[in-house]
Amino acid sequence: MELRRILHAGVAAASILAVAAPPSLAQVAPAAAPRGPLDVRVGQATEFTRVEFRWAGGAAHTAKRDGQTLTLGFNRDARPDLTLLRVVPPKWLKAAEARHAGGRLQVVLTLPEGGDAKVGQADGAIYVNLFEAKAPPPAADAPVRMTQALPPRPDPTPRGGVVRVAAQQTGSQVALSFPWASPNGAAVFRRADAVWIVFDAPAALDISAAPRGIAPLLRMEAIRGADYSALRITTPRNTPVFAANQGSTWTVTFGPGAHTTPAVINVGRDAAAAPAALTAAVAGVTKIVQVTDPAVGDTLTVATALGPSKALPSRREYVEMALLPSAQGLAMEPYAADLAMTVSGDLVSIARPEGLALSPAGAAHRYAAADGAPQPASMPALVNWQDWPKTGSGGFLARYDALMAAAAFEDSKGDNASTDKRMALARFLVGSELAYEAIGVLNALAASDPKARDDAEFRGLRGVAQVMVRRYREAETDFAAPQLAGDPSSALWRSYIAAQGAQWTVAR
């Protein structure tokens with residue numbers, strides 16, 4: 001259809017990396033290069049403060065927390081401008097200081113009492129999110145409750161409590177074998193650059209014989225929890241992964257080649273549940289465990305299962321959580337603290353006390369990811385640089401595909417369809433600085449629904465996109481629409497356009 005053609009053509013011509021846009025009017029055009037090797041940016045939202053460190057050419061970092069003092073270390077040196085952090089510290093920051101030692105930079109952030117921080121890296125920036133410390137979460141086993149007792153099984157842990165991992169390389173494939181004393185449950189799933197292999201028994205995994213530092217196994221880390229054992233393997237994202245078992249031995253294979261085809265785990269809305277919940281058929285499920293990711297610092301919920309292998313082929317993104325792609329078992333990346341994963345027979349259920357935010361019953365599941373899409377700003381010509389470009393942990397393509405599918409589905413309904421999904425897609429594109437694509441979406445919307453031109457936000461959003469690509473005359477036409485005559489946010493854009501044409505009296 002016309003909308004899908006425009007979207008595919010536009011994005012194919014643009015970089016598909018979402019760039020966090022600066023929140024100031026002076027930088028409404030595509031952001032200029034950072035001033036010097038390090039650019040420090042500060043953003044303030046209602047519930048948290050974000051500080052970004054953008055290095056020209058990139059940099060590695062470390063983070064160390066000592067009480068309310070957070071120290072960021074970088075492998076390069078620079079003279080960062082910390083004026084905003086020092087003179088008027090944003091919410092949840094008490095003080096900031098730059099230190100230099102051995103040709104490297106350290107930034108020391110002091111948090112107030114009751115403040116907390118999370119350090120991460122995304123979209124080419126190293127960021128620190130500062131926020132109010134939450135109350136300690138409930139015990140790990142509180143939300144992970146078994147609604148039906150599972151039959152007892154022999155302890156699969158070998159004598160001595162150690163599972164010695166064996167490796168075999170055949171061409172471009174590397175196979176890791178885990179010999180247990182008796183059949184046990186396993187889950188094998190991918191999260192970003194890491195593949196997790198989780199077992200339902202707390203044995204020690206001896207990886208001394210496993211190859212490391214070679215493709216496709218770049219790095220390995222054995223983890224032992226109170227009721228599970230796991231291996232976290234860093235491997236390129238395009239590396240195929242397969243899991244199979246024979247008797248009490250699990251084998252996980254990395255790389256292209258022959259493999260057994262797993263059964264597909266079907267996830268869908270639980271028709272009998274009220275409030276809304278999800279259910280998945282996972283044959284032979286043995287346990288649900290909480291696995292802490294040392295790279296991110298959050299906790300994943302994992303359902304292990306006996307063989308033969310069953311998999312979730314692709315990532316499923318929802319408002320409150322994501323289901324990760326797996327080669328065996330089921331893994332959930334939660335966004336909400338009160339999510340519960342429960343087991344009844346071979347069915348795994350995912351729910352919240354107030355219900356999940358799902359599409360209406362009967363809607364195609366591929367449109368569910370558009371729930372929680374970018375919402376309108378408080379004024380028709382404002383851009384929410386903080387929220388609109390958010391991609392979630394699935395990355396830009398997953399977010400873009402979900403919003404595009406929802407917009408195309410809405411467009412297919414004809415003249416009387418709402419415009420919510422198409423406007424949400426346009427907001428995401430503007431927030432991601434893909435202005436040409438946003439203009440294409442909005443023009444297609446106006447062509448299919450001329451009444452959209454009467455909407456103040458439509459005019460404001462298209463005007464902003466026109467400014468971003470320096471089409472000032474077209475932008476001026478949009479901002480001159482009667483719907484925006486008394487809008488203060490549009491007045492700022494009109495003054496900006498006048499200033500670009502050196503019409504200083506008009507700008508003033």
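**Strand pairing, salt bridges and ring pairs in a predicted model**

Trainee: Which residue of β30 is the bridge partner of Leu278?

Mentor: The model is predicted. Strand β21 covers residues 278-281 and strand β30 covers residues 347-351; four bridges join them, and they run antiparallel. Within β30, the partner of Leu278 is Ile350.

Trainee: Which strands stand at the edges of the sheet that holds β21 and β30?

Mentor: The sheet is open and has four strands, ordered β20-β21-β30-β29, with antiparallel pairing. An edge strand has a single partner, so one side of it is left without a neighbour in the sheet. The strands in this position are β20 (267-269) and β29 (340-344).

Trainee: By what angle are neighbouring strands of this sheet turned against each other on average?

Mentor: The order to follow is β20-β21-β30-β29. With direction ignored, the average turn between neighbouring strands of this sheet is 25°.

Trainee: Which residue forms salt bridges with both Arg50 and Arg54?

Mentor: A search of the whole structure gives 21 salt bridges. In one of them, the side chain of Arg50 meets its partner at 3.0 Å, N to O; in another, Arg54 has its closest N and O atoms 3.0 Å from those of its partner. The partner of Arg50 is Glu52, and the partner of Arg54 is likewise Glu52.

Trainee: Is Glu52 buried or exposed?

Mentor: The cut-off for buried is under 20% relative accessible area. Arg50, at 18%, counts as buried, and so does Arg54, at 9%. Glu52 has a relative accessibility of 9%, and therefore Glu52 counts as buried.

Trainee: Over the face of which ring does Arg50 lie?

Mentor: Arg50 has a salt bridge to Glu52, and it also lies over an aromatic face, 4.0 Å from the ring centre. The ring belongs to Tyr127.

Trainee: How many residues apart in sequence are the parts tied together by Arg191 and Asp298?

Mentor: Arg191 and Asp298 form a salt bridge, with 2.6 Å between the closest N and O atoms. Arg191 lies in strand β12 (residues 186-191), whereas Asp298 lies in the loop between β22 (285-292) and β23 (299-305), so the separation of the parts they tie together is 107 residues.

Trainee: Which residues are linked with Arg191 in a network of salt bridges?

Mentor: Arg191 is buried, with a relative accessible area of 10%. Its salt bridge with Asp298 belongs to a network that links Arg191 with Arg232, Asp293, Asp298, Arg315, Glu317 and Glu333.

Trainee: Are the rings of Phe479 and Trp493 stacked or edge-to-face?

Mentor: The aromatic pairs number nine. In this one, the ring centres lie 6.2 Å apart. Planes under 30 degrees apart count as stacked; those of Phe479 and Trp493 are at 5°, so the pair is stacked.

Trainee: Which helices does that pair link?

Mentor: Phe479 and Trp493 are both buried. They are 14 residues apart and link distant parts of the chain. Phe479 lies in the helix of residues 472-479 and Trp493 in that of residues 488-500, namely α7 and α8.

Trainee: Is the pair of Trp493 and Tyr496 stacked or edge-to-face?

Mentor: Both residues are buried, and they are separated by about one helical turn because they lie three residues apart in helix α8. Their ring centres are 6.4 Å apart. The planes are at 80°, so the pair is edge-to-face.

Notes: Residues numbered from 1 in each chain as written. Predicted model: local features only at pLDDT ≥ 70, side-chain atom pairs only at ≥ 80, totals over all residues. Heavy atoms only, no water. Salt bridge = Lys/Arg side-chain N within 4 Å of Asp/Glu carboxyl O. Buried < 20%, exposed > 50% of the residue type's maximum accessible area, 1.4 Å probe, protein only. Helix = DSSP H or I, 4+ residues; strand = E, 2+ residues; numbered from the N terminus. Pairing = 2+ DSSP bridges. Axes fitted to C-alpha atoms, helices over the stretch in contact; angles between N-to-C directions. Phe/Tyr/Trp six-rings, centres within 6.5 Å; stacked < 30°, edge-to-face > 60°. Lys NZ or Arg CZ within 6 Å of the ring centre and 35° of its normal.
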